[in-house]
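Morning, everyone. I have one structure for you today. Let's put it on the screen.

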Amino acid sequence: MFVIIGILVVFGAVVAGYLMEHGNLRVLLQPAELVIIGGASIGTVLIGNPIYILKGIAGGIAGTFGGSKFGKDRYLETLKMMYELFGRARKEGLMALETDSDAPDQSPVFSQYPKFMKDHHALHFVCDTIRMAAGGGVEPFDVDQMMELDMDVHHHDAGQPISALSTMADSLPGLGIVAAVLGVVITMGALGGPPEEIGHKVAAALVGTFLGILLCYGLIGPIAANMGKCSEEEHAYYHVLRVVMISFMKGVPPTLAVEFGRRAIPGHVRPSFQECEKYIKNTAGAPADITPVPAEAPAA
């Protein structure tokens, strides 16, 4: 929603200022300039990137027009899920979670959280980690290193579409100059004609430069920046999952593992201790008591 509002503000302010100077909007309507700039910029992206990055660009742009997927509700739901999962491990042993990790759609815990199930990478991130821990013989430090490696690879992959879109944005002013130069070439061919015709062609050429700069700094660049922030939010979410799982593997009780995770949540969406406790206690299907128990190593 805010992306749409921002786009309307940018273009609205430019048009309003232009009209305040008694400009003629029809002069700015130059389809040929848009074809040159837009087509050439899309072509540069196609030249410089493989298909999976192009799909990432399309998905990232679409994602910027929706709200953040990692709000307070998502974190509360995730902490509750991890609490239930590790509470089961404390009662039945960590080996009991192998069935959850091997078939999450049949898991009594994972199956209650369809939003988490739809996030396939996060689901595999948790299930693969649980599978390694339940197998035994792996130190928490080594599991932590594997999770960090997984996060780094995923973060790098998520950053490639952002980098490609930023490169496209950087190319737009130059492509605007290309359109302007072509307009000047056309203008030179019309010398000797009516002054009005020459003036119209010069104006059309300058519109190319104007559009290239506007699209760079007023549209494509900000969208790429928004995609970067979305990627950082996702990375922060995986960090919380990592903190919770490693805390439990080190022998911390589920309650304290969840609290470690809560403290790792970014401040603007972090629930308070009371909010987290109330959500875990009062949500249907949650254990009724989250009183801390003495720390002990998870059952093998």
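Which residues have the most contacts inside the largest nonpolar core? Before I answer, a reminder: this is a predicted model. The residues are Y75, M82, F110, F116, V126, L241 and M245. The core they belong to has 45 residues.

Where does that core come from? Seven helices each supply at least two residues of it: α5 (72-92), α7 (114-118), α8 (120-135), α9 (140-189), α10 (195-249), α11 (254-264) and α12 (273-282). The largest share is from α10, with 10 residues.

Take L241 and look around it. Set aside the neighbours within four places in sequence. What remains in contact with L241 is T78, M82, F116, A122, F125 and V126. Three of those names, M82, F116 and V126, are also on the list of residues with the most contacts inside the core.

There is another core, apart from the one that holds L241. This one has 20 residues. Among them are I162, A169, V207 and L215.

Now to the surface, and to the start of the chain. Which residues form a nonpolar patch there? They are M1, F2, I5 and V9. Together they have about 480 Å² of accessible area. F2 is in helix α1, which covers residues 2-20. Is F2 buried or exposed? Exposed, because its relative accessibility is 74%, and the cut-off for that class is over 50%.

Staying at this end of the chain, look at H22. H22 sits in the loop between α1 and α2 (25-28). Its phi is positive, about 65°, and H22 is not a glycine. H22 is exposed too, with a relative accessible area of 74%.

Next, charges. How many salt bridges are there? The count comes to 12.

Start with R131, which has two partners to look at. One is D102: the two side chains meet in a salt bridge, 3.1 Å from N to O. That pair links distant parts of the chain. R131 is in helix α8, D102 is in helix α6 (residues 98-102), and 29 residues separate them. On accessibility, D102 is exposed at 53%. R131 has 32%, so it counts as partly exposed.

The other partner is D128. Here the closest N and O atoms are 2.7 Å apart. This bridge stays within one helix: R131 and D128 both lie in α8, 3 residues apart, about one turn. D128 is partly exposed, with a relative accessible area of 38%.

Now go to helix α12. The side chains of K281 and E277 meet in a salt bridge there, at 3.6 Å from N to O. Why are they about one helical turn apart? Because they are 4 residues apart in α12. K281 is partly exposed, at 36% relative accessible area. E277 is partly exposed as well, at 26%.

One more set of charges. Salt bridges with shared partners join R88, E92 and D100 into one network.

To recap, and then I'll stop. The core of 45 residues takes its largest share from α10. A core of 20 residues lies apart from it. M1, F2, I5 and V9 make a nonpolar patch on the surface. R131 bridges to D102 in α6 and to D128 in its own helix, α8. Over to you.

How values were computed: Residues are numbered from 1 along each chain as its sequence is written. This is a predicted model: local features need pLDDT of at least 70, side-chain atom pairs count only at pLDDT 80 or more; totals for chains, interfaces and linings use all residues. Side-chain values use heavy atoms; hydrogens and water are left out. A nonpolar core is a set of buried Ala, Val, Leu, Ile, Met, Phe, Trp, Tyr and Cys residues joined through side-chain atoms within 4.5 Å. Buried means under 20% relative accessible area, exposed over 50%, partly exposed in between (1.4 Å probe, protein chains only). Contact means heavy atoms within 4.5 Å. Patches are made of residues with over 30% relative accessible area and no salt bridge: like charges are joined within 9 Å, nonpolar side chains (Val, Leu, Ile, Met, Phe, Trp, Tyr) within 5 Å. Accessible areas come from the Shrake-Rupley method with a 1.4 Å probe; for residues, only the protein chains shown count as cover. A salt bridge is a side-chain nitrogen of Lys or Arg within 4 Å of a carboxyl oxygen of Asp or Glu.
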